[in-house]
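Colleague: Could you take a close look at the ligand site for me? I'd like to hear what surrounds the ligand and how that part fits into the rest of the chain.

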Amino acid sequence: MAEKMGKVWLVGAGPSDIGLLTLKGLRVLEQAQAVVYDQLVGLEILLRIPAGAEAIDVGKQAGNHKKTQEEINRILLEKALEGKRVVRLKGGDPFLFGRGGEELELLRAHGVPFEIVPGVTSALAVPAYNGIPVTHREFASSVHIITGHRKAGEALDIDFQSLAKGGGTLVFLMGVRSLPEIVRGLLAAGMPADTPAAVLERGTSAGQRRVVAALGELEDEAGRQGIGTPAIIVVGEVCKLAETFGWYEQLPLFGEKILVTRPRDRASRLSEKLRELGAETVSLPSIETVPVSDDETKAKIGEAMERLGEYDLLAFTSPYG
Ligand code: SAH
């Protein structure tokens with residue numbers, strides 16, 4: 001065993017937009033020596049993983065590389081026992097359908113110290129980016145967050161009766177595949193077919209899309225528009241406010257995903273400005289400015305400087321230039 005014990009930070013990365021990663025989450029990430037991350041973490045956030053840190057993708061689904069929960073727990077333990085500062089980076093909030101609790105058990109059993117950095121959950125932020133307040137004094141005084149995930153071959157384990165009676169806003173995560181069962185369950189429990197509802201896809205990113213329809217038509221409408229994952233389903237009167245309050249897609253650069261290749265120190269200001277205008281940014285520094293070292297280049301520059309007088313105009317096309 002390593003002489004120095006490491007530590008694990010369970011960090012919520014938010015729904016996608018890097019602006020929704022907390023200050024504490026970013027600080028911890030920037031000091032990480034190993035980062036174990038999921039599929040739903042925004043790309044711009046992943047690009048903040050320090051160059052020297054080990055980055056471990058445990059969420060890859062295509063090609064069946066997805067790691068089991070036990071494997072993930074093991075990796076976290078191993079890296080901590082190697083004495084590393086380990087960040088377990090998860091989409092949204094780590095304790096809301098994030099299996100954060102399970103990941104802590106093994107660490108606890110081995111006396112590995114840990115901290116939790118809560119994240120902005122998609123259950124609240126994705127409706128917000130679509131102009132849907134999940135509660136509203138006129139329409140809903142409670143909100144229920146429900147998992148629509150079901151094990152292969154099993155039925156959904158949801159008490160539709162009490163949800164339909166409660167009158168609160170319903171937010172289903174992991175529910176796209178179960179959309180037909182969810183709609184059927186709510187209608188069978190007596191919820192009116194004209195109840196406003198929505199499916200919100202890839203919220204807080206350039207790919208954000210939404211379908212708003214009456215509950216009875218939601219499945220058809222989502223099918224027509226080819227809604228995919230990740231997405232959340234919202235049911236309740238508040239959904240009709242999306243049309244009035246939708247704001248994200250009104251920003252001038254909404255829907256644009258812009259690659260920023262400037263060196264890191266200069267890129268962040270440009271990226272920040274682009275995001276203010278509604279774009280999603282991908283900061284991938286691919287230019288490096290270093291002192292000239294070889295004599296031949298130095299000689300050429302010296303020669304050019306001596307001949308400056310021959311030119312009428314000297315244009316610098318960038319601050320580095
Ligand atoms: N802990 C996460 C949820 C994990 S379950 C959180 O707090 O947000 C994964 C589900 O979250 C997805 O199936 C989807 O329903 C939802 N989700 C996560 N990110 C999303 C996004 N950007 N847009 C829409 N739904 C999202």
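Modeller: Here is the ligand site, followed by the domains around it and two backbone details.

First, the ground rules: this is a predicted model, where local features need pLDDT of at least 70, side-chain atom pairs count only at pLDDT 80 or more, and totals for chains, interfaces and linings use all residues. Residues are numbered from 1 along each chain as its sequence is written, and side-chain values use heavy atoms, with hydrogens and water left out.

There are 18 residues around the ligand, and Asp 93, Leu 96, Thr 121, Ser 122 and Ala 231 come nearest (being near takes a heavy atom within 4 Å). By type, that shell splits into 11 nonpolar, 5 polar and 2 charged residues; here Ala, Val, Leu, Ile, Met, Phe, Trp, Tyr, Cys and Pro count as nonpolar, Asp, Glu, Lys and Arg as charged, and the others, Gly among them, as polar.

Now the backbone. A polar backbone atom of Ala 231 sits 2.7 Å from an oxygen atom of the ligand, and one of Met 174 is 2.9 Å from a ligand oxygen. On the nitrogen side, a backbone N or O atom of Pro 15 is 3.1 Å from a ligand nitrogen. For polar contacts the cut-off is a pair of N or O atoms within 3.5 Å. Of the 550 Å² that the ligand exposes when taken alone, the protein buries 91% (Shrake-Rupley areas, 1.4 Å probe).

Which elements supply the shell? α5 (122–129) and β10 (231–235) each give at least two residues; helices (H or I, at least four residues) and strands (E, at least two) are DSSP runs numbered from the N terminus.

Zooming out, the domain assignment, automatic or from a database, gives domain 1 (7–120), domain 2 (123–249) and domain 3 (255–321). The ligand shell takes at least three residues from each of domain 1 and domain 2. The C-alpha centres of those two are 28 Å apart, with 8 residues of domain 1 in contact with 13 of domain 2 (heavy atoms within 4.5 Å). Together they bury about 730 Å², 76% of it on carbon and sulfur atoms; that is accessible area (1.4 Å probe) lost on being put together, summed over both parts. On the domain 1 side, Asp 17, Leu 96 and Phe 97 lose the most, together 56% of what that side buries. Leu 96 also belongs to the set that comes nearest the ligand.

Two backbone details to finish. Most residues other than glycine have a negative phi, and most peptide bonds are trans. The bond from Thr 229 to Pro 230 is cis, with omega near -5°, and Pro 230 is in the loop between α8 (218–224) and β10. Arg 99 has a positive phi, near 55°, in the loop between β4 (85–90) and α4 (100–109).

Key:
A polar contact is a pair of N or O atoms within 3.5 Å; within protein, one must be able to donate a hydrogen and the other to accept it, and residues adjacent in sequence count only if both atoms are side-chain atoms. Buried area is the accessible area (1.4 Å probe) that two parts lose on being put together, summed over both.
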